[in-house]
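Could you walk me through this structure, one selection at a time? I have it open in my viewer and would like to know what to click on next.

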Amino acid sequence: MRSLRSRLIIGVIGGMLLLLTVFSLIVYAAIRRALVNQFDASLTSTARILAASVELDGDEIELEFDAQQMHEFQRPDRPTYYQLWQHDGTVAARSPSLGKDDLLRLEGPLGTPVFQALQMRNSKPGRAVGLKFTPRASGPDRNPQPVKQQALTLVVARDASDLHRPLDFLQWLLLVASGVTIALSVFIATFVVRHGLNPLHSIASEIAAIREDELATRIGTTSIPAEILPIKNRLNDLLSRLEDAFKRERRFTADVAHELRTPLAGIRSTIEVTMARARETTEYQTVLSESLAIVENMQTMVNNLLMIARLDACQVTFRQEHICLAELVNSCWRPFSEKATERETTFENRVPNDVTVNSDRENLSMILSNLLNNAVEYTNEAGQIWVTSHHTGDSVEITVANTGCQLTNGEAAQVFDCFWRGDSSRTDTGAHYGLGLALVQRLIRALGGSVTVELQPDGIFTVRLTLSNSLRI
Amino acid sequence: MRLLVIEDYRPLRQSLTKGLREAGFAVDTTGDGQEGLWYATGHEYDVIILDLMLPGMDGLEILKKIRTQGRKSHVLILTAKDTIQDRVTGLDLGADDYLVKPFAFEELLARVRALLRRGYRKKNPRIRVQNLQIDLTTQRVWRGQEEIKLTPREYALLEYLAMRAGQTVSRTDIWEHAYEFNSSASSNVVDVYIGYLRKKIEQPGKPPLIQTVRGRGYTLGAQP
């Protein structure tokens with residue numbers, strides 16, 4: 001695509017050219033017509049004077065004027081010729097200066113002059129008028145009624161140099177004036193267009209000056225034309241969104257670093273303290289298994305983070321399967337049953353056997369495992385956990401609920417944030433990084449569903465999943 | 001010397017406590033902010049090692065409260081937050097040092113020792129009382145040219161007396177600074193350990209280094 005500047009300049013110049021051409025043609029035509037009319041009028045009056053001087057005396061045609069004495073026929077710089085025909089075509093008279101030559105016999109209706117351009121003998125341009133008229137009779141008493149066949153044709157031709165000279169001049173004048181105007185308008189248009197496009201350049205240089213680590217800068221508001229204002233505003237909006245995204249990204253990275261630092265500090269300090277002196281084998285074993293536990297927790301966290309990143313980047317593929325939900329819940333519960341027994345937590349799988357869903361087994365079980373893990377972790381001593389499910393229209397609703405929740409409503413709204421932990425004293429074990437529900441939310445969205453949490457005043461915490469009965473692949 | 005560790009991440013808290021105890025410090029420990037504040041404001045700790053993100057109460061809040069109550073304990077902030085702003089905020093609220101996780105345990109020990117010396121206005125890591133020399137870094141003790149082997153408890157007691165050499169130190173002070181909160185020791189134990197220490201460092205024929213000030217406590221070296 002050509003530049004806006006050249007398009008504008010070409011458009012302006014092209015428009016000027018067209019306008020000037022049309023204008024020049026109109027002016028030329030009008031002036032030419034006026035001059036020609038004037039010329040023709042003078043020619044006609046000469047012809048009429050001539051015609052008036054023709055008398056018909058019986059069959060005799062008499063010219064009462066002396067062509068040599070008439071001023072019109074005397075000018076050597078502008079020769080005028082005439083020729084008179086009888087109605088049968090015989091030449092009745094002609095200017096002496098014509099010699100033996102004939103003028104073109106122009107004939108129109110009786111009394112109406114007709115005009116034609118012609119070439120004079122000296123090859124100069126000329127114009128001729130033809131007039132058909134009935135000559136007067138010399139004696140009014142003898143033949144009062146002119147006879148039709150006695151109509152004569154008079155042609156008067158005159159050198160039209162006087163007419164063409166101003167027209168030629170006008171032609172040149174218009175051409176030169178148009179040329180100069182076009183040339184000047186190229187300069188003016190270039191200047192105006194460049195000046196008019198200046199705000200674009202200044203915005204471009206402002207945008208170019210924005211560095212990726214300084215997204216807080218905005219494009220300036222001074223002297224921005226109304227047409228570019230929306231672009232500026234949209235760009236600024238885009239910048240704000242980018243800034244927010246970058247901030248979130250940075251905070252997330254900082255959070256990740258922070259979350260990894262603490263367990264790293266734990267491992268390092270455990271190992272360093274242990275190595276400070278010789279120890280019993282059992283002590284080494286304890287320290288190693290403690291460190292291993294920390295590493296395993298870190299690994300889970302990194303895996304979860306990776307999964308979240310992949311889900312955010314839509315890099316996870318799903319495989320649709322027909323799943324019996326009650327069985328899946330049972331298999332997901334198995335790893336937690338021992339811990340639940342220790343804490344005297346009762347678990348109820350209230351999912352009817354006929355509830356099935358078409359979804360990805362692996363990811364759905366990851367969701368359920370995360371929810372059950374949270375439930376086991378945060379339920380009160382001797383509390384209850386239950387899972388229910390039913391079909392609602394085209395989707396399946398699954399709820400995982402537990403008693404003994406100590407969150408406030410405000411806190412419950414934050415549970416899906418990465419690294420948010422309801423009860424931070426649980427960081428003690430280092431096993432919870434606050435990624436479980438963030439992962440659940442992303443997984444369920446990827447599977448074509450949604451998740452909400454509810455908190456009842458009696459401390460029952462319910463996670464409600466709405467899962468589409470088929471994958472949107 | 002008595003330290004308090006307030007750190008909620010159990011593996012780190014446990015290893016810190018173990019390492020610091022093995023380095024001869026009396027260490028109290030907690031993983032909860034509220035409890036940490038209770039310890040910190042109720043006792044004269046030499047150094048408090050404080051995590052910032054704590055359940056119960058934020059570390060900086062604890063620091064503010066310690067300072068408004070006028071506690072002189074040195075506070076070393078131990079945290080994963082490492083921005084300059086975080087450090088400046090911590091130090092401006094009255095912390096004495098700042099260490100970012102993960103850290104080398106050796107460095108933590110060195111910083112704690114430096115804070116202790118600062119607390120007792122000792123620039124030199126070697127304390128000399130007459131011909132008794134104590135190296136605070138290696139925790140070795142000499143009388144003249146002869147090195148004296150002390151148990152950690154004996155060393156802790158001697159170190160505290162040496163830090164305040166020339167001053168009369170009460171049994172309560174010794175009990176507060178050399179023994180842990182949870183230990184079953186009573187102030188009687190102080191007298192017992194003073195006895196052990198005397199046996200090891202006093203030399204026959206020389207004036208005693210540790211003097212009993214009746215009704216008030218003990219003094220290491222000559223009284224001012």
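Helices (H or I, at least four residues) and strands (E, at least two) are DSSP runs, numbered from the N terminus. This is a predicted model, in which local features need pLDDT of at least 70 and side-chain atom pairs count only at pLDDT 80 or more, while totals for chains, interfaces and linings use all residues. Residues are numbered from 1 along each chain as its sequence is written, chains are lettered from A and ligands numbered from 1 in the order in which they are written, and side-chain values use heavy atoms, with hydrogens and water left out.

**Stop 1: a short strand in chain B**

Select B:Thr168, which sits in strand E10 (residues 168-169) of chain B. Buried means under 20% relative accessible area, exposed over 50%, and partly exposed in between (1.4 Å probe, protein chains only). B:Thr168 counts as buried because its relative accessibility is 19%. Now add B:Thr219: the two side chains are joined by a polar contact of 3.3 Å. A polar contact here is a pair of N or O atoms within 3.5 Å; within protein, one must be able to donate a hydrogen and the other to accept it, and residues adjacent in sequence count only if both atoms are side-chain atoms.

**Stop 2: B:Asp173**

Move to helix H7 (residues 171-178) of chain B, where you will find B:Asp173. With a relative accessibility of 25%, B:Asp173 counts as partly exposed. Which residues does B:Asp173 touch, not counting residues up to four places away in sequence? They are B:Tyr160 and B:Arg164, where contact means heavy atoms within 4.5 Å. Draw a C-alpha to C-alpha distance from B:Asp173 to B:Tyr160 and you should get 9.3 Å, for a pair 13 residues apart in sequence.

**Stop 3: backbone details in chain B**

Most residues other than glycine have a negative phi, and most peptide bonds are trans. With that in mind, show the backbone of B:Lys101 and B:Pro102, which are joined by a cis peptide bond with omega about -10°. B:Pro102 lies in the loop between strand E5 (97-100) and helix H5 (105-119) of chain B. Follow the chain past H5 to B:Arg121, in the loop between H5 and strand E6 (126-129). The phi of B:Arg121 is positive, near 55°, in a residue other than glycine. B:Arg121 counts as exposed because its relative accessibility is 77%.

Zoom out to see chain B whole: it has 8 helices and 12 strands, and 54% of its 224 residues count as buried.

**Stop 4: helix H4 of chain A**

Now colour residues 281-312 of chain A, which form helix H4. At 1.5 Å a residue, its 32 residues should span 46 Å, and the end C-alpha atoms are 46 Å apart, so the two agree; the expected span is 1.5 Å times one less than the number of residues. Show side chains for the buried residues of H4(A), among them A:Val287, A:Ile294, A:Asn297, A:Met301 and A:Leu311. What do the buried residues of H4(A) pack against? Their partners are helix H3 (229-275), helix H6 (361-378) and helix H8 (436-446) of chain A, together with helix H1 (10-22) of chain B.

Just after H4(A), click on A:Cys314, whose phi is positive, near 55°. A:Cys314 is in the loop between H4 and strand E9 (320-324) of chain A, and it counts as exposed because its relative accessibility is 69%.

Chain A as a whole has 8 helices and 15 strands, and buried residues make up 39% of its 473 residues.

**Stop 5: where the chains meet**

Finally, select the interface: 24 residues of chain A are in contact with 24 residues of chain B. The area buried between them is about 2100 Å², with carbon and sulfur atoms giving 55%; buried area is the accessible area (1.4 Å probe) that two parts lose on being put together, summed over both.

How many salt bridges are there between chain A and chain B? The count is 4, a salt bridge being a side-chain nitrogen of Lys or Arg within 4 Å of a carboxyl oxygen of Asp or Glu. To see a salt bridge, display the side chains of B:Glu22 and A:Arg277, which meet at 3.6 Å, N to O. Across the interface there are also 9 residue pairs in polar contact, both residues at pLDDT 80 or more. On the side of chain A that touches chain B, H3 and H4 each supply at least two residues, and H3(A) gives the most, with 12 residues.
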